[in-house]
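Work through the exercises below with the sequence and the model in view. Try each task before reading its solution.

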Amino acid sequence: MVPFMSDLRFPRVEFPGDGEQRSDAQRTRYMFYGADSTLRDLLRLTLVGLRLGLALAIGGCSVENVRKAAPEVAPTADAVSYSDIDPELGEHLYPNETLIADELSLVIENSIRKQYTPGSARRDAHPKAHGCVKAEVHVHETIPDALAKGMFIPGKTYDAWIRFSNGSSDPTRADIKRDARGVAIKVLAVPGKSLLRDEKEARTQDFIMINHPVFFATDPARYLSFMEDANSDHLYRKLFIPFALGAKGTLIALETRSTRISNPLQSRYWSMVPYQLGIGPDRQAVKYSVRACSATVDPMPYKPEHDFLRDALRTTLQKGDACMEFLVQPRTSKSMDVEDSRTEWKEAQAPFYSVATIRIPRQVFDTPEQAEFCENLSFTPWHASPEHRPLGITNRLRKVIYDHISRVRHDMNATKRSEPQ
């Protein structure tokens, strides 16, 4: 699961003049120098910068510093290969991105081994689940021909598992704290071969989303600068960490980790990054989204319990079925860059189309057995058929990092990696 911004400790920023239009640069200057900002806030932000980079699993880092921090781990025979690119869909490689993926995998492994003891290892991001539920994905009887690709077979119904989570790497974090929220969907018995060479027969399709439409960083070189500042022994360099992301990236990071929700079933989630749909000359780039079938939203509890989002999920599914829509957003212009995860594809120019209904039946999910099953699951966008190949730099790095971290977690817990049938 991607995951993501919740370990940031950004100062709370209120902008004067409701409705006033401000440039990114103006908003960023106000954020760092305005009345509500302090030097202590800025220093606190820089000190968690390294942890942010690890949790997001999309950035670059200093190779020298990585090798000092991380254990030397020999690649396994099943280690994934780096992804090829599709220039016709707009993909291009960044300098040293394969090295960045390998080295960052080791950094995250090191952080997991420091945080957890053998037998208790959790995910590095999104470790706190609100629940893992059984579901059915029913593809609509009629959908546009251009979208009827891969698993989107009109009238087809699939079983699925869905995991709802907080983004923070702290599994003890209270649900009322502002955070990114995630959903990971694992669809079962999907036709075709998996893109992962050691899981060709898995026949699972994963969709990973959070409750924000864009990601705050794209260029690994910018992340390299960010991580070099974070690893520096010189305090003055740490002061520049927020600016490594730029005004746009900083604002996205602020927005992403600032949400509170009252029920995981009632939020909207986005893939943030693009995917291929179809194969051959008519393949296209798309993004995904999931939202509740109903616009009804529960009020925030007056005195929320520590794990009130799990309680909300449990209460909803004790009363009856839940319903969500699965949406696909086809790219309508090549100006919608598949490598740029910071720029939203505006729905006014590229509308979403509902292609499936997700039914989450009434159930009791909150059992020790189901919780253990959920924790042993591995989610990656590369659990996919060629018709749903992940696109862009973020997904290429995820392929290596997610596989490596999954192996580390299962090895520490002495559990077998396997995909459900």
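The exercises go from the whole protein to one helix and then to one residue in a predicted model.

**Exercise 1.** State how many helices and strands the protein has, and what share of its residues is buried.

Solution. Begin with the elements: there are 12 helices and 9 strands. Next take burial: of the 421 residues, 55% are buried. Then take the surface: about 18200 Å² is exposed, and carbon and sulfur atoms supply 52% of that area.

**Exercise 2.** Find the helix that holds E97, and compare its span with the expected one.

Solution. E97 belongs to helix α5, which covers residues 97–115. This helix has 19 residues. From its first C-alpha to its last, α5 reaches 27 Å, close to the 27 Å expected at 1.5 Å a residue. Buried residues of α5 include E97, I100, A101, L104 and I108.

**Exercise 3.** Decide whether E97 is buried or exposed, and explain why.

Solution. The cut-off for buried is under 20% relative accessible area. E97 has a relative accessibility of 2%, so E97 counts as buried.

**Exercise 4.** Identify the polar partners of the E97 side chain and the residues that E97 touches.

Solution. First, a polar atom of the E97 side chain lies 2.6 Å from the backbone nitrogen of Y94. Second, the side chains of E97 and R396 are joined by a polar contact of 2.8 Å. Third, leaving aside residues up to four places away in sequence, E97 touches Y82, H92, I393, R396 and L397. R396 thus appears both as a polar partner of E97 and among the residues it touches.

Conventions. Residues numbered from 1 in each chain as written. Predicted model: local features only at pLDDT ≥ 70, side-chain atom pairs only at ≥ 80, totals over all residues. Heavy atoms only, no water. Helix = DSSP H or I, 4+ residues; strand = E, 2+ residues; numbered from the N terminus. Buried < 20%, exposed > 50% of the residue type's maximum accessible area, 1.4 Å probe, protein only. Polar contact = N/O pair within 3.5 Å; in protein donor to acceptor, adjacent residues only side chain to side chain. Contact = heavy atoms within 4.5 Å. Areas by Shrake-Rupley, 256 points an atom, 1.4 Å probe, with all protein chains shown as cover. Expected span 1.5 Å × (residues − 1).
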